[in-house]
Amino acid sequence: MADPESVEEGIVLLVVHHLGISQSERIVWLCEELGLPYELRRYDRDPQTMLAPPAFKALTPMGVAPVIEDSGVVLSESGAVIDYILARYGQGRLVVGPASPDYPEYLFWYHFANGTMLPAGAKVLAAQVMQSDHPFLVASGNARLDKAYDVIEARLAEATFFAGAELTAADVMMVWPLTSLRAFAPRDLAPYPHLRAYLQRIGARPAYQAAVAKAEPEFRPPLG
């Protein structure tokens, strides 16, 4: 496995397998923020089913994004991949340690992304498909998302980024369900001015712009 010290020498090369409009966008952005050298392999969704192509599904047992390769290691799941990259090559960047007063917020928002936002979004998507037979799913899914967005707005009214004054991996996790996920489950952000301002700050970051240009050449995550 590559020596983390070799990051400074520019010889570490992660392979990031990116499925279009998927959570693997997070990994491309993380690599750009850290300035890591990486090889991007991009896969388009099937235009009829919007599912991953067979070549991507073959990468891991679950066949879902993201997937990275690193010197023989093949790893999936967003949180696991981000933890791995930060532990191996982050050199203390984009993390908040237990001694910091921001540590609880960092942990909460890091896990809120996939623990609350994605399941709620998936419920809304399911409700859209089965609306005629299961109308209660629409109401319950939207109610959960309403509450989540209210909590997010309250946090961003008091903090520049989710963990505090600086961008961290919590933001890398949170931005995807607040942007690209809305391509599948649209949501009006007009009632959330602090969230809109936050997304504009994210969109102004050179690393985020570079990641989007590379990962989503025909799609721009909605930032407002």
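# Close-up views of a predicted model

**View 1. Helix 1 inside the predicted model.** In this predicted model, helix 1 spans residues 25–34, and because 10 of its 10 residues are buried, the helix is largely enclosed by the rest of the structure. The buried residues of helix 1 are Glu25, Arg26, Ile27, Val28, Trp29, Leu30, Cys31, Glu32, Glu33 and Leu34, a list in which charged side chains such as Glu25 and Arg26 stand beside nonpolar ones such as Ile27 and Val28. Just after helix 1 comes Gly35, which takes a positive phi of about 70 degrees.

**View 2. The packing of helix 1 against helix 8.** Two packed helices are described by the angle between their axes and the distance between the axes. Helix 1 packs with helix 8, which covers residues 206–215, at an angle of about 135 degrees, and the two axes are 8 Å apart. The two helices are therefore oblique to each other, and helix 1 passes helix 8 in a right-handed crossing. On the side of helix 1, the residues that take part are Glu25, Val28, Trp29, Glu32 and Glu33, and they meet Ala207, Tyr208, Ala210, Ala211, Lys214 and Ala215 in helix 8. Sorted by class, this contact has seven nonpolar and four charged residues, with no polar residues.

**View 3. The chain as a whole.** The secondary structure of the chain comes to eight helices and four strands, and along the sequence these elements follow the pattern β-α-β-α-β-β-α-α-α-α-α-α. The chain has 224 residues, of which 49% count as buried. Among contacts in the chain with a separation of 6 or more, 69% come from residues 24 or more positions apart.

**View 4. The largest nonpolar core.** In soluble globular proteins, nonpolar side chains tend to be buried together. The largest nonpolar core holds 55 residues, and Ile85, Ile152 and Leu195 are those that touch the most other members. Two or more residues of this core come from each of strand 1 (14–19), helix 1, helix 3 (78–89), helix 4 (103–129), helix 5 (135–156), helix 6 (169–178), helix 7 (193–203) and helix 8. Helix 4 gives the largest share of this core, eight residues. When residues up to four places away in sequence are not counted, Ile152 touches Trp109, Phe112, Met117, Phe162, Met174, Leu178 and Leu195. Apart from the largest core lies another core, of six residues, among them Leu19, Ala52, Phe56 and Ala65.

**View 5. Pro177 in helix 6.** Pro177 is found in helix 6 and is buried, with a relative accessible area of 2%. Leaving aside neighbours within four places in sequence, Pro177 is in contact with Arg26, Ala113, Met117, Leu118, Tyr149 and Arg182, and one of these, Arg26, is itself a buried residue of helix 1. Pro177 and Asn114 are 63 residues apart in sequence, and their C-alpha atoms are 8.4 Å apart in space.

**View 6. Arg42 in strand 2.** Arg42 lies in strand 2, which covers residues 38–43, and is partly exposed, with a relative accessible area of 31%. Outside its neighbours within four places in sequence, Arg42 is in contact with His18, Gly20, Lys214, Ala215, Glu216 and Pro217. Among these partners, Lys214 and Ala215 also belong to the part of helix 8 that meets helix 1. From C-alpha to C-alpha, Arg42 and Glu216 are 8.9 Å apart in space, while in sequence they are 174 residues apart.

**View 7. Backbone details in three loops.** Most residues other than glycine have a negative phi, and most peptide bonds are trans. The peptide bond from Ala65 to Pro66 is cis, with omega near 5 degrees, and Pro66 is found in the loop between helix 2 (54–57) and strand 3 (67–70). Ile21, in the loop between strand 1 and helix 1, has a positive phi near 50 degrees and counts as buried at 16% relative accessibility. Gln91, in the loop between helix 3 and helix 4, has a positive phi of about 55 degrees although it is not a glycine, and Gln91 is partly exposed, with a relative accessible area of 42%.

Notes. Residues numbered from 1 in each chain as written. Predicted model: local features only at pLDDT ≥ 70, side-chain atom pairs only at ≥ 80, totals over all residues. Heavy atoms only, no water. Buried < 20%, exposed > 50% of the residue type's maximum accessible area, 1.4 Å probe, protein only. Axes fitted to C-alpha atoms, helices over the stretch in contact; angles between N-to-C directions. Parallel < 35°, antiparallel > 145°, perpendicular 65-115°, else oblique. Left-handed = near helix turned anticlockwise from the far one by under 90°. Contact = heavy atoms within 4.5 Å. Core = buried A, V, L, I, M, F, W, Y, C linked by side-chain atoms within 4.5 Å.
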